[in-house]
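Reader: I would like a close look at a single part of this protein, with its surroundings described residue by residue. Could you take one helix and follow its packing outwards?

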Amino acid sequence: MSESAPATAGRSRTLKERWQRLRQVQENPAGHKNMLLLIQLRWLAVLGQVSTIAFVVLVLEIHLPMPHMLEVLSCLIAFNIASHLRWHERRLVTNAELFLALMVDVGVLTLQLYLSGGITNPFAFLYLMQIILGAVLLKPWSSWAIVAITMACLAGLALFSEPLALPPDHRNGLFSLYVEGTLICFLLNAGLMVFFITRINSNLRAGDALLADLRQRAAEEDHIVRMGLLASGAAHELGTPLATVSVILGDWRRMPEISQRAELLDDITEMEAQLQRCKAIVSGVLLSAGEARGEFSVKTTLNTFLDTVAEDWRQSRPVEQFDYRNQVEQDVPVAFDSAIKQMLGNVLDNAFEVSPQWLALDVRCEGDLLLMEVSDRGPGFPEWMINQIGKPYQSTKGKPGRGLGLFFVVNVARKLGGSIRARNLAQGGAVVRLTLPLSAISLAPPADPAGPTEASSPPA
């Protein structure tokens with residue numbers, strides 16, 4: 001047992017590193033989606049600026065420095081095209097990059113306001129949108145930096161920009177251009193903020209849900225590692241007493257008092273057979289605990305593997321009727337892995353417990369997937385259990401430790417890139433479907449499933 005301590009520490013570090021990587025992977029999609037939303041918002045800003053400038057110059061006949069404003073607009077368009085090209089390929093978005101993107105938007109808005117009336121321009125309230133987006137997307141220090149920078153920009157516009165030369169008949173009342181511009185700016189702020197912040201929050205909620213799922217998976221993997229270490233340590237410890245019992249039984253067999261009595265020899269023979277079975281179970285525990293996967297897997301074919309698993313299970317269980325249907329047409333070389341055998345055996349055992357009279361195993365291939373369906377005629381799964389398949393200690397049997405079988409099944413399937421689904425049948429009973437990619441157990445190259453493989457090639 002003491003030898004497993006370094007392994008425990010090593011695996012714990014591995015799980016911690018994997019959790020940190022999973023957290024980074026989780027954060028990246030939300031940041032990438034939010035950056036794409038900023039790019040979309042920037043295109044709307046371009047469209048809005050073009051429309052507003054054209055309306056003010058052509059309809060209201062207000063003089064604006066068109067060349068300079070169009071230069072600023074061209075720079076914004078170029079920056080947005082570059083952003084789209086960059087973030088179309090790269091998916092890692094940091095807080096600094098989001099902060100830089102918002103600062104570009106603040107800078108462009110400041111330049112356009114400076115050229116069109118400064119703080120007297122009613123669209124100066126668009127700074128609020130940048131502040132709110134910063135509060136939602138950025139870290140606290142970055143959000144406060146946005147607030148300070150926009151305040152400095154407003155103060156600079158108040159000191160250095162020239163007011164707009166508005167017609168005198170539009171200065172008062174509800175029909176004042178400033179009042180109308182303020183109302184339009186308010187509608188833009190309200191509409192765009194509701195639309196985009198709703199989508200941003202949706203991205204963040206999706207990221208939180210993914211993070212929770214990754215946290216659950218990390219906990220389950222840690223649980224699997226602990227179970228494997230416990231089983232491995234127990235198997236190592238059991239090896240010595242089993243060897244001692246084997247020696248004692250051998251000595252008993254040679255004793256004259258026993259060797260001359262047939263009934264005692266029969267008992268010793270039975271005890272030796274059960275002892276060999278215990279040794280085989282211990283060896284299987286060491287294999288399934290993860291000590292030898294890929295080293296002691298046997299090279300065989302898919303049909304031989306499935307037929308062997310089904311026959312071994314049938315011979316060791318007193319099931320009245322077991323319908324095994326193998327519909328795999330194209331046989332391929334695979335690795336006979338004890339973990340996969342135990343995974344399928346656990347599902348069959350669960351079905352046998354609720355339906356000892358009849359159960360069925362159907363296997364077939366669909367494309368590059370191996371489908372294994374176990375059917376029974378039991379009472380079926382409760383509705384709450386359907387969505388809890390694979391969660392530890394979720395069982396209807398009411399006994400401590402139950403539910404770990406399907407927990408093991410789900411985690412083995414997930415490690416191999418597969419999945420498990422359960423459903424109840426209308427006529428009674430239930431079906432559990434195991435789906436595994438053939439590439440997880442196949443020894444043949446994907447492009448040529450029947451091609452030759454090296455005899456020394458380890459299984460995938």
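Author: The protein exposes about 26,000 Å², and carbon and sulfur atoms supply 62% of that area. This is a predicted model, and everything below should be read with that in mind. Of the 460 residues, 38% count as buried, and the chain is arranged into 12 helices and seven strands. Among contacts between residues at least 6 apart in sequence, 72% join residues at least 24 apart.

The part to look at closely is helix H3, which covers residues 95-115, together with the helices that pack on it. Two packed helices are described by the angle between their axes and the distance between the axes, and that is how each pair is introduced here.

On one side is helix H2, residues 66-89, whose axis lies 9 Å from that of H3, at an angle of about 165 degrees. Because an angle over 145 degrees counts as roughly antiparallel, H2 and H3 are described as roughly antiparallel to each other. The crossing of H2 with H3 is left-handed. The H2 side of this contact is made by His68, Met69, Val72, Leu73, Leu76, Phe79, Arg86 and Trp87, while H3 contributes Glu97, Val104, Asp105, Val108, Leu111, Gln112 and Leu115.

Glu97, which lies in H3, deserves attention of its own within this contact. With a relative accessible area of 17%, Glu97 falls under the 20% cut-off and is therefore buried. Its side chain is joined to the side chain of Arg86 by a polar contact of 3.1 Å. Leaving aside its neighbours within four places in sequence, Glu97 is in contact with Met35, Arg86, Trp87, Arg90 and Leu92; of these residues, Arg86 and Trp87 also appear among the H2 residues that make the contact with H3.

H3 also packs against helix H5, residues 140-160, with the axes 11 Å apart and an angle of about 15 degrees between them. An angle under 35 degrees counts as roughly parallel, so H3 and H5 are roughly parallel to each other. The crossing of H3 and H5 is right-handed. From H3, the contact is made by Asn95, Phe99, Leu102, Met103, Val106, Thr110, Leu113 and Tyr114, and from H5 by Trp141, Ser142, Ala145, Ile146, Ile149, Thr150, Cys153, Leu157 and Phe160.

Following the packing one step further, H5 meets helix H4, residues 127-137, with axes that come within 8 Å and cross at roughly 165 degrees. H4 and H5 are therefore roughly antiparallel to each other, and H4 passes H5 in a right-handed crossing. Here Tyr127, Gln130, Ile131, Gly134 and Ala135 in H4 meet Ser143, Ile146, Val147, Thr150, Cys153, Leu154 and Leu157 in H5. Ile146, Thr150, Cys153 and Leu157 of H5 are thus in contact with H4 and are also listed in the contact with H3.

For comparison, two residues in other helices can be set beside Glu97. Phe186 is found in helix H6, residues 177-254, and is exposed, with a relative accessible area of 58%. Its C-alpha atom is separated by 8.4 Å from that of Leu126, 60 residues apart along the chain. Thr308, in helix H9, residues 302-316, is partly exposed, with a relative accessible area of 28%. The C-alpha atoms of Thr308 and Lys341, 33 residues apart along the chain, are separated by 9.4 Å.

Key
Residues numbered from 1 in each chain as written. Predicted model: local features only at pLDDT ≥ 70, side-chain atom pairs only at ≥ 80, totals over all residues. Heavy atoms only, no water. Helix = DSSP H or I, 4+ residues; strand = E, 2+ residues; numbered from the N terminus. Buried < 20%, exposed > 50% of the residue type's maximum accessible area, 1.4 Å probe, protein only. Polar contact = N/O pair within 3.5 Å; in protein donor to acceptor, adjacent residues only side chain to side chain. Contact = heavy atoms within 4.5 Å. Areas by Shrake-Rupley, 256 points an atom, 1.4 Å probe, with all protein chains shown as cover. Axes fitted to C-alpha atoms, helices over the stretch in contact; angles between N-to-C directions. Parallel < 35°, antiparallel > 145°, perpendicular 65-115°, else oblique. Left-handed = near helix turned anticlockwise from the far one by under 90°.
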